[in-house]
Amino acid sequence: DVFLQWEVFDPWAAEKLQKIKMAEQQQQMQDLMKRQQEQQEKIRQLQMQRKNELLASKDDLVTQRGQLQTEYSSVQQALVAKQREIEHEEKLISNFQAERNDESSKVVLLIGNSGCGKSCFGNRLSGDHSEDGDTGPFRTSDDSKSCTQHLNKYKCNQYNLSVVDCPGWNDSYG
């Protein structure tokens, strides 16, 4: 061992070598500690970055959940509205059960804008011979304001005909 040889021949040189060796070890130790601190700092930064990414992801998921809940609520409301509409239409259709069961039966639907004379025409089809056509089964008015708010049906038995007066388009009262 070279160190022992120097120690035997020159104690001062051996001490100097020992100090150099200790200084090198201290430097290596400081370098290792510095690398360890740098690695710990990198790990801390990566952990912080990952934490921020997870928080952003969580925020996105919370936002998406809120949007989905809103969309679900809207869809559910639309389904309820559609179900009510179907129930209403089924109720209206049930008013025509006899006509649906009799193939020789005819149905005349009076449709058009409010005030165009649908009710008056329905009265004429139903046998009203008055001058103004306002004494039949359907209520009429002299102006463009709506009288008919719901479907009104009159059965003309002699012709096996049902006349249906419908609310007008562009209705002044809904």
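**Figure 1. Arg 139 and its contacts in the predicted model.** Setting aside residues up to four places away in sequence, Arg 139 touches Ser 119, Cys 147 and Thr 148. This is a predicted model, and residues are numbered from 1 along the chain. Arg 139 sits in the loop that runs between α4 and β2. Is Arg 139 buried or exposed? With a relative accessibility of 60%, Arg 139 counts as exposed. If you would like a distance to check in your viewer, try the C-alpha atoms of Arg 139 and Asn 152: they are 9.7 Å apart, for a separation of 13 residues in sequence.

**Figure 2. The surroundings of Asn 123 in helix α4.** Helix α4 holds Asn 123. The relative accessible area of Asn 123 is 0%, so this residue is buried. Which residues does Asn 123 contact, leaving aside its neighbours within four places in sequence? The list consists of Asp 128, Gly 133, Asp 134, Thr 135, Gly 136, Pro 137, Phe 138 and Thr 140.

**Figure 3. Ser 126, just past the end of α4.** Ser 126 belongs to the loop between α4 (118-125) and β2 (152-156). Its relative accessibility is 17%, and because buried means under 20%, Ser 126 counts as buried. A polar atom of the Ser 126 side chain lies 2.8 Å from the backbone oxygen of Gly 122. Not counting residues up to four places away in sequence, Ser 126 also touches Pro 137, Phe 138, Tyr 154, Cys 156 and Val 163. Phe 138 is also on the contact list of Asn 123, and Pro 137 appears there too.

**Figure 4. The largest nonpolar core.** Which residues make up the largest nonpolar core? It has 5 residues, namely Leu 110, Phe 138, Cys 156, Leu 161 and Val 163. In soluble globular proteins, nonpolar side chains tend to be buried together. Core member Leu 161 is in contact with Lys 106, Val 108, Tyr 154, Lys 155 and Cys 156, once neighbours within four places in sequence are left aside. The core residues Phe 138, Cys 156 and Val 163 are among those touched by Ser 126.

**Figure 5. A nonpolar patch on the surface.** Here the view turns from the core to the outside. Val 107, Leu 109, Ile 111 and Trp 169 make a nonpolar surface patch of about 410 Å². One of these residues, Trp 169, is found in the segment after β3 (161-165).

**Figure 6. Salt bridge between Arg 44 and Glu 41 in helix α2.** The closest N and O atoms of this salt bridge are 2.7 Å apart. How far apart are Arg 44 and Glu 41 along the helix? Both residues belong to helix α2 (residues 11-94), and because they are 3 residues apart there, about one helical turn separates them. Arg 44 counts as partly exposed, at 43% relative accessibility. Glu 41 is partly exposed as well, with a relative accessible area of 31%.

**Figure 7. Two further salt bridges in helix α2.** Arg 50 and Glu 53 meet through their side chains in a salt bridge, with an N to O distance of 3.5 Å. These two residues of helix α2 are 3 residues apart and therefore separated by about one helical turn. Arg 50 is partly exposed at 46% relative accessibility, and Glu 53 is partly exposed at 38%. The side chains of Lys 82 and Glu 85 also form a salt bridge, at 3.6 Å from N to O. Lys 82 and Glu 85 lie 3 residues apart in helix α2, about one turn of the helix. Lys 82 counts as partly exposed, with 42% relative accessibility, and so does Glu 85, with 38%. A search of the whole structure finds 4 salt bridges.

**Figure 8. The whole chain, for orientation.** To place the close-ups, here is the overall picture. How many helices and strands does the protein chain have? Its secondary structure comes to 4 helices and 3 strands, and from the N terminus on these elements run α-α-α-β-α-β-β. Of the 174 residues, 17% count as buried. The accessible surface comes to about 14,200 Å², with 53% of it belonging to carbon and sulfur atoms. Among contacts with a separation of 6 or more, 46% come from residues 24 or more positions apart.

Conventions:
This is a predicted model: local features need pLDDT of at least 70, side-chain atom pairs count only at pLDDT 80 or more; totals for chains, interfaces and linings use all residues. Side-chain values use heavy atoms; hydrogens and water are left out. Buried means under 20% relative accessible area, exposed over 50%, partly exposed in between (1.4 Å probe, protein chains only). A polar contact is a pair of N or O atoms within 3.5 Å; within protein, one must be able to donate a hydrogen and the other to accept it, and residues adjacent in sequence count only if both atoms are side-chain atoms. Contact means heavy atoms within 4.5 Å. Patches are made of residues with over 30% relative accessible area and no salt bridge: like charges are joined within 9 Å, nonpolar side chains (Val, Leu, Ile, Met, Phe, Trp, Tyr) within 5 Å. Accessible areas come from the Shrake-Rupley method with a 1.4 Å probe; for residues, only the protein chains shown count as cover. A nonpolar core is a set of buried Ala, Val, Leu, Ile, Met, Phe, Trp, Tyr and Cys residues joined through side-chain atoms within 4.5 Å.
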